[in-house]
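Got a minute to walk through a fold together? Have a look at the sequence and the model first.

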Amino acid sequence: ITPNDEDDLVQIQASLWIGTGGDLTVLMSAGSTCTFKNVPNGCMMPIMVDKVLATGTTCTDIVAVY
């Protein structure tokens, strides 16, 4: 997944794998924006999101795991 402030994702009903840690800012499926601070490398995030936002996200190598 490439963080993007504009494009909606097809709602991810799976986990996000964070390859390289940092901060992860997402638009949750419920409509709120949430920033997860200091996500570690190799972390599985079991969240449902509409967007992984570029603004505020420093994590890289993000993969949707279905």
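Here are some questions and answers on the strands, a charged pair and the core.

This is a predicted model, where local features need pLDDT of at least 70 and side-chain atom pairs count only at pLDDT 80 or more, while totals for chains, interfaces and linings use all residues. Residues are numbered from 1 along each chain as its sequence is written, and side-chain values use heavy atoms, with hydrogens and water left out.

Q: In what order do the three strands of the open sheet line up?
A: Strands here are DSSP runs of E, at least two residues long, numbered from the N terminus, and two of them pair if DSSP finds at least two bridges between them. The edge strands, pairing on one side only, are β3 (33–39) and β5 (49–52). The pairing is antiparallel, and the order reads β3-β2-β5.

Q: How many bridges join β2 to β5?
A: Strand β2 covers residues 22–28 and runs antiparallel to β5. One bridge partnership to look up is L27 with K51 in β5. The number of bridges joining β2 to β5 is three.

Q: Which residue in the turn of the β2 and β3 hairpin has a positive phi?
A: β2 and β3 pair in the antiparallel sense over five bridges, with G22 standing opposite V39 in β3. Four residues sit between the two strands of this hairpin. The turn residue with a positive phi, about 110 degrees, is G31.

Q: Which side chain meets D23 in a salt bridge?
A: A salt bridge here takes a side-chain nitrogen of Lys or Arg within 4 Å of a carboxyl oxygen of Asp or Glu, and the structure holds one. The N to O distance in this pair is 3.4 Å. D23 is in strand β2 and its partner in strand β3, so the contact ties together parts 14 residues apart in sequence. The partner is K37.

Q: Is K37 buried or exposed?
A: Buried means under 20% relative accessible area, exposed over 50%, and partly exposed in between (1.4 Å probe, protein chains only). D23 counts as buried at 16%. K37 has a relative accessible area of 60%, so K37 is exposed.

Q: Which strand gives the most to the largest nonpolar core?
A: A nonpolar core is a set of buried Ala, Val, Leu, Ile, Met, Phe, Trp, Tyr and Cys residues joined through side-chain atoms within 4.5 Å. This one has 13 residues, and L16, I18, L24, M45 and I47 touch the most other members. β1 (15–20), β2, β4 (43–45) and β5 each supply at least two residues. The top contributor, with three residues, is β2.
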